[in-house]
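Me: I am new to this structure and would like to learn how to read a helix and a cavity in it. Please take the features one at a time.

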Amino acid sequence: MKIAVDLHSHSGHAGGVGNIPFESICRTMQIKGIDIFGTGDCMHPERFNELKDVFIEAEPGLFKFKDYDKRFILQTEVILTVQLEGYKNRTIAHHVILFPDFNSIRELQILMDVWGMKNTIGRPFIKCEDQAQLQERLYQIQNIHPLIEVIPAHVMTPDGIMGSKNGLNNIREFYGDFTDSIRVIETGLSADPDMLGGIPDFAELTMISNSDCHSAALNRIGREFTMLNVIEKSYEGVINALRGGYVEFTAEFHPSEGRYFLTGHRASRHDSDEFVYLEDKNDSGIECPVCGKKMLKGVLQRCEELTDKSIAKRDRKFYHLVPLIEAVALGSGVKTLTSSRVTKPFDIITTIFVTEIDLWMADEERIQSELNGKVKSEIINTIIQIKRGNFEFSPPGHDGAYGKLTLKK
């Protein structure tokens, strides 16, 4: 059974976002074609109580909201930091943690309270004194329930385990013996399986993609997702598919749209319209020519530093997709995604194709025949050009700024 999962999100408790109604999430999941969605922030006390109040267990470990047919997995992001020997600064790593039930969450809340957890903005923050303590705590998390899964999140972004802020040479430097318990990694919005496949630590692990979204917007939920092949529709079925590597394909942001793709400085760093980024991934220079300060090293450059070209990359199927609402906006010549000139043709398209995934998986002939005369030809052409890969992001993503979508000339 094939199911589309998006297992990393955030709620209104994560900071910087308001309340995100479950009705809105379920409706967007339906439009996008996402079957199972991570709840986000399930360890935050208010979020925990909210989830317990509104969710009904539909299948073992999978929950539903009211009469909507979409499913949720209990999920949080956890930040772990540790002072590693030989490193001046504390090493930080973000993790997606999946839970089979509310009791497991409660047990981890109790444990983390003992550890001095900070949990004010949705992501529990745990400070470890050394690697031995970090390992012990990770094993304690794992021992709460055999189906709890700890997944390093957005592994190559600056705050990811192998990101530029840490500067690690391998993940064992951080996890120690617990490294052997890591079976799955999240690629993140600024990387894809091809970029990560030549890094020795990641070469044999399951790679998944998630939206890491902070809203129910049409260009957020499902902007990245993973198509799994599961034996049964249950939490255990999902975990077994992840651990066994039963990934049909991942749908990836084009890395150059991601906010940390290239080394650079966004314009706001200089209080002007002038931005800087390094297109040459082999360029080791990181001094900004505008302000002279150190630029934020991007994911592409970091991947290049860690890639072992002697490794034969595994054949992993993935697609570079663009959120359909962004494609429609580009074809309409409109910048505002909420404009009626965008939302009306978007609604027509997703009525004809049922879901956005259905559209992107369709062949060009079907797209032409189904949409011809119903939406503008410019929109149809934009969708087809994106399917062909004839698009780019100019400027590309860098230093926290998303890349800007455009068709290739």
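**Helix α4 and the cavities**

Reply: Start with packing: the buried residues of α4 are in contact (heavy atoms within 4.5 Å) with β5 (71-82), α3 (102-114), β7 (125-128), β8 (149-152) and α5 (172-175). This is a predicted model, in which local features need pLDDT of at least 70, side-chain atom pairs count only at pLDDT 80 or more, and totals for chains, interfaces and linings use all residues. Residues are numbered from 1 along each chain as its sequence is written, and side-chain values use heavy atoms, with hydrogens and water left out.

Me: Which residues of α4 are buried?

Reply: An α-helix has 3.6 residues a turn, so residues three or four places apart point the same way. In α4, the buried residues (under 20% relative accessible area, 1.4 Å probe, protein chains only) are L134, Q135, R137, L138, I141, Q142 and I144.

Me: How many cavities of 30 Å³ or more does the structure hold?

Reply: Rolling a probe the size of a water molecule over the atoms shows where empty space is left. The structure holds 2 such cavities; a cavity is a set of points on a 1 Å grid over the protein atoms alone where a 1.4 Å probe fits but cannot get out, and lining residues have an atom within 4 Å of a point. The largest has about 90 Å³ of space, and helix α11 (residues 356-361) gives the most to its lining, with 3 residues.

Me: Which residues line the second largest cavity?

Reply: They are Q142, I148, E149, V150, F178, S181 and R183, around about 40 Å³ of space. Q142 is also one of the buried residues of α4.

Terms used: Buried means under 20% relative accessible area, exposed over 50%, partly exposed in between (1.4 Å probe, protein chains only). Helices (H or I, at least four residues) and strands (E, at least two) are DSSP runs, numbered from the N terminus. On a 1 Å grid over the protein atoms alone, a cavity is a set of points where a 1.4 Å probe fits but cannot get out, and a pocket is an open set with protein on both sides within 12 Å along at least five of seven lines; lining residues have an atom within 4 Å of a point. Grid points are joined across faces, edges and corners, and a volume is the space filled by probe spheres set on the points.
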